[in-house]
Amino acid sequence: RSDYPELFYIWANEFAQGITPGGETVAELQARVLAAMTKIAEENKGKRVLVFSHGTPIRAMGAHGMGASIGEIPWPSNASVTTLEYENGRFTCPQYSRDDFMGDLVTRLPDDI
């Protein structure tokens, strides 16, 4: 916040356009992750595949699978489970950030990041 106030403002208010110095925007990350996930899904038709990732790619794919803007959905909780289904070239997200199995161990990112 203090080192990059303009970039933090964009991150907090226009999340898809958020960027770190020298990096890609969140929208560019979403496109890259979508391409990778589509490749994985196409190569594994009819199978269940487990993919581990960080919060921003999970949020990006969850939003895509829900037909939402990436800034419209909350951060997933840490170690939660998000389910994507791939059919006819399209992802849906029937389950986002399921964490009920963790009980008191659930942790989340602060709402203000």
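Select Lys 39 to begin: in this predicted model, its relative accessibility is 51%, and Lys 39 therefore counts as exposed, the cut-off being over 50%. Keep Lys 39 displayed and add Glu 43, whose relative accessible area of 52% makes this residue exposed as well. The two form a salt bridge, and a distance drawn between their closest N and O atoms should read 3.3 Å. Both residues belong to helix α2, which runs over residues 26–43, and they are 4 residues apart, about one turn of the helix. An α-helix has 3.6 residues a turn, so residues three or four places apart point the same way.

Next, select the whole of α2 and look along its length. With 18 residues at 1.5 Å a residue, the helix should span 26 Å, and its end C-alpha atoms are indeed 26 Å apart, so expectation and model agree. Now colour Val 26, Leu 29, Gln 30, Val 33, Met 37 and Ala 41, which are the residues to inspect as buried in α2. These cover an arc of only 95 degrees around the axis, which means that they sit on the same side of α2. Turn to the other side of the helix, and the exposed Lys 39 and Glu 43 come into view there.

What do the buried residues of α2 pack against? Show α1 (5–13), α3, β1 (81–87) and β2, for these are the elements that they meet. A single residue can serve as an example: select Val 33, and, once its neighbours within four places in sequence are set aside, its contacts are Pro 57 and Met 61.

From Val 33, widen the selection to the largest nonpolar core, which has 15 residues. Phe 15, Val 33, Met 37, Met 61, Ile 70 and Phe 91 are the members with the most contacts inside this core, and they make a suitable set to show as sticks. Two or more core residues come from each of α2, α3 (55–66) and β2 (90–98). The largest share, 5 residues, is given by α2, the helix whose buried residues include Val 33 and Met 37.

Return now to charged side chains, since a search of the whole structure finds 5 salt bridges. Side chains of opposite charge can pair when their charged atoms come close. Select Lys 45 together with Glu 42: these residues form another salt bridge, with 3.1 Å between the closest N and O atoms. Is each partner exposed or partly exposed? Lys 45 counts as exposed, at 56% relative accessibility, whereas Glu 42 is partly exposed, with a relative accessible area of 37%.

For the last stop, move to the segment after β2 and select Asp 100, which has its place there. Asp 100 is exposed, with a relative accessible area of 54%, and its salt-bridge partner is Arg 98, the closest N and O atoms being 2.7 Å apart. The side chains of Asp 100 and Arg 98 are likewise joined by a polar contact of 2.7 Å. Arg 98 is partly exposed, and the relative accessible area to note for this residue is 34%. Before leaving Asp 100, add Val 81 to the selection and draw a line from C-alpha to C-alpha: the two residues are 19 residues apart in sequence, and 9.6 Å apart in space.

Conventions:
Residues are numbered from 1 along each chain as its sequence is written. This is a predicted model: local features need pLDDT of at least 70, side-chain atom pairs count only at pLDDT 80 or more; totals for chains, interfaces and linings use all residues. Side-chain values use heavy atoms; hydrogens and water are left out. A salt bridge is a side-chain nitrogen of Lys or Arg within 4 Å of a carboxyl oxygen of Asp or Glu. Buried means under 20% relative accessible area, exposed over 50%, partly exposed in between (1.4 Å probe, protein chains only). A nonpolar core is a set of buried Ala, Val, Leu, Ile, Met, Phe, Trp, Tyr and Cys residues joined through side-chain atoms within 4.5 Å. Contact means heavy atoms within 4.5 Å. The expected span of a helix is 1.5 Å times one less than its number of residues. The arc is that of the directions from the helix axis to the C-beta atoms. A polar contact is a pair of N or O atoms within 3.5 Å; within protein, one must be able to donate a hydrogen and the other to accept it, and residues adjacent in sequence count only if both atoms are side-chain atoms.
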